[in-house]
Amino acid sequence: MKVLKIDKKDWAGGIQKAHKAYRLYGPVQVKDKGFSEFQALGPDAMPDMTATDTRLSPKSIAFPPQEVMMVFTTDENSELCNQMQVPQKDYAPRAIIGIRPYDAAAFLLVKKNFDTPEYRDPYWCDAYEACTFIGLAVNTPSALDFSTSTKSGPFDENGLDVLLVDTGNHYLAKILTDKGAAFAKSAAWETEAGAAGEKQIAELKASAEKQIRATVAFDNIQRQSIMSLYEADFWEEVAFACINCGTCTYVCPTCWCFDIQDETHAKCGKRMKTWDSCMYPLFTIHTTGHNPRGTKVQRVRQRFMHKLKYFLDKYEDGIMCVGCGRCIRSCPVNIDIRKVCDIMNSYSAGADTCALKK
Ligand code: SF4
Ligand code: SF4
């Protein structure tokens, strides 16, 4: 595992070289919008390495908001009539430059759902495997970042192929995998930083972690039964202000729900995979008209129980959250997952749980 030193004067030249071997993605300031987001970079475009927290995570690079799964025709004159065809997909190597460590950790978390011993979603898996993750450490975490208590952190290496660290005039590039080494070669990053580079990374990491003040605990959630939390008396209060807009699920790098629908036009059709949200009333409606989560309280409870209890129990590997803080920043009514986690963690059946009023 070596550390390379990249002079910022040479940064653009290296990225231009990497363009020849990879389709590149990176953060880009969206014109006149005041936020940045991950986009495919054109041949001359550079990732904006000063972008702090992108409004959406880069999860869409492997899990697009809308994706064509299959195409079909009902034209009886066609020999393919009524046969589902998988369209040509492009899984050429792609590199995500400037992904934050918590967003890379989120890919690993989502992988538990899309790539299991029993079932493999080929669309997500093929896109994910085509990716090389060139992370950028977070030297100055935002006030909403609580990633150090969610098995991630501002310099976390899990899920990354390279960790870049901005040191002012240089980037230090910690090469973590063979994929990362291949990217470094394509960008002609060659100068070794040696032990001094490793020491500098360790110092910046300690400084960044110290700046994170927000934490969550879920030890007591783990000990409590599902039914005790499910039937707790605080859900009405937690859900009171929610308008079920679904924003929290769309901005979340770990939310993976989708819907499948056929769209037809004349005799042509497409089977589409589209992001969905457990916060929407139609998410669980049955064809009978019965809706097991027909009320707002039921839907809000589902979101938090899934992230903070069901996932925790199922995988015994932490909560379904990497602590990026996006849902807190974007929620129009200021519902804060850290606060809800605290309410759940300090809950004991029978006690007064008006924690939101405290
Ligand atoms: S963003 Fe806030 S208001 Fe919208 S669904 Fe999520 S919790 Fe409810
Ligand atoms: S639940 Fe909120 S803080 Fe956690 S990963 Fe999703 S958006 Fe980020």
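Two strands are said to pair if DSSP finds at least two bridges between them, and in this predicted model that criterion is a useful way into the smaller of the topics below, a sheet built from strands 4, 10 and 9.

These 3 strands form an open sheet in the order 4-10-9, with antiparallel pairing. Strand 4, which spans residues 66-73, and strand 9, which spans 258-265, lie at the edges, each pairing on one side only, and from one strand to the next the twist averages 20°. Between strand 4 and strand 10 (residues 268-275) the antiparallel pairing extends over 7 bridges; as one point at which to follow it, valine 68 has methionine 272 of strand 10 as its bridge partner.

A second open sheet contains 7 strands, arranged in the order 1-8-7-6-5-2-3, and its pairing is mixed. Here the edge positions belong to strand 1 (3-7) and strand 3 (35-40), each of which pairs on one side only, while the twist averages 25° from one strand to the next. Within this sheet, strand 5 (residues 94-99) and strand 6 (residues 131-136) run parallel and are joined by 5 bridges, and isoleucine 97 stands opposite isoleucine 134 in strand 6. Helix 1, residues 8-19, packs on the sheet, where it touches strand 1, strand 2 (23-30), strand 5 and strand 8 (170-175), and its direction makes about 105° with that of strand 1.

Helix 12, which covers residues 337-345, offers a view of how a helix is buried: its buried residues are Ile337, Val340, Cys341, Ile343 and Met344. Seen down the axis of helix 12, these residues fall within an arc of 160°, and they therefore line one face of the helix. This fits the general geometry of an α-helix, in which there are 3.6 residues a turn, so that residues three or four places apart point the same way. The cover over the buried residues of helix 12 includes helix 6 (219-223), helix 7 (226-230), helix 8 (235-239), helix 10 (296-315) and helix 11 (326-330).

The two ligand surroundings can be read in turn. Around ligand 1 stand Cys242, Ile243, Asn244, Cys245, Gly246, Thr247, Cys248, Met279, Cys331, Pro332, Val333 and Ile335, a shell that by class holds 9 nonpolar and 3 polar residues but no charged ones. Ligand 2 has 13 residues around it, of which Cys252, Cys321, Cys324, Arg326 and Cys327 come nearest, and its shell comprises 8 nonpolar, 3 polar and 2 charged residues.

Conventions: Residues are numbered from 1 along each chain as its sequence is written. Chains are lettered from A and ligands numbered from 1 in the order in which they are written. This is a predicted model: local features need pLDDT of at least 70, side-chain atom pairs count only at pLDDT 80 or more; totals for chains, interfaces and linings use all residues. Helices (H or I, at least four residues) and strands (E, at least two) are DSSP runs, numbered from the N terminus. Axes are lines fitted to C-alpha atoms, for helices over the stretch in contact, and angles run from 0 to 180 degrees between N-to-C directions. A residue is near a molecule or strand if its C-beta atom, placed from the backbone, lies within 6 Å of it. Ala, Val, Leu, Ile, Met, Phe, Trp, Tyr, Cys and Pro count as nonpolar, Asp, Glu, Lys and Arg as charged, and the others, Gly among them, as polar. A residue is buried if 20 or more other C-beta atoms lie within 10 Å of its own, exposed if 12 or fewer, and partly exposed in between; C-beta atoms are placed from the backbone. The arc is that of the directions from the helix axis to the C-beta atoms. Two residues are in contact if their C-beta atoms, placed from the backbone, lie within 7 Å.
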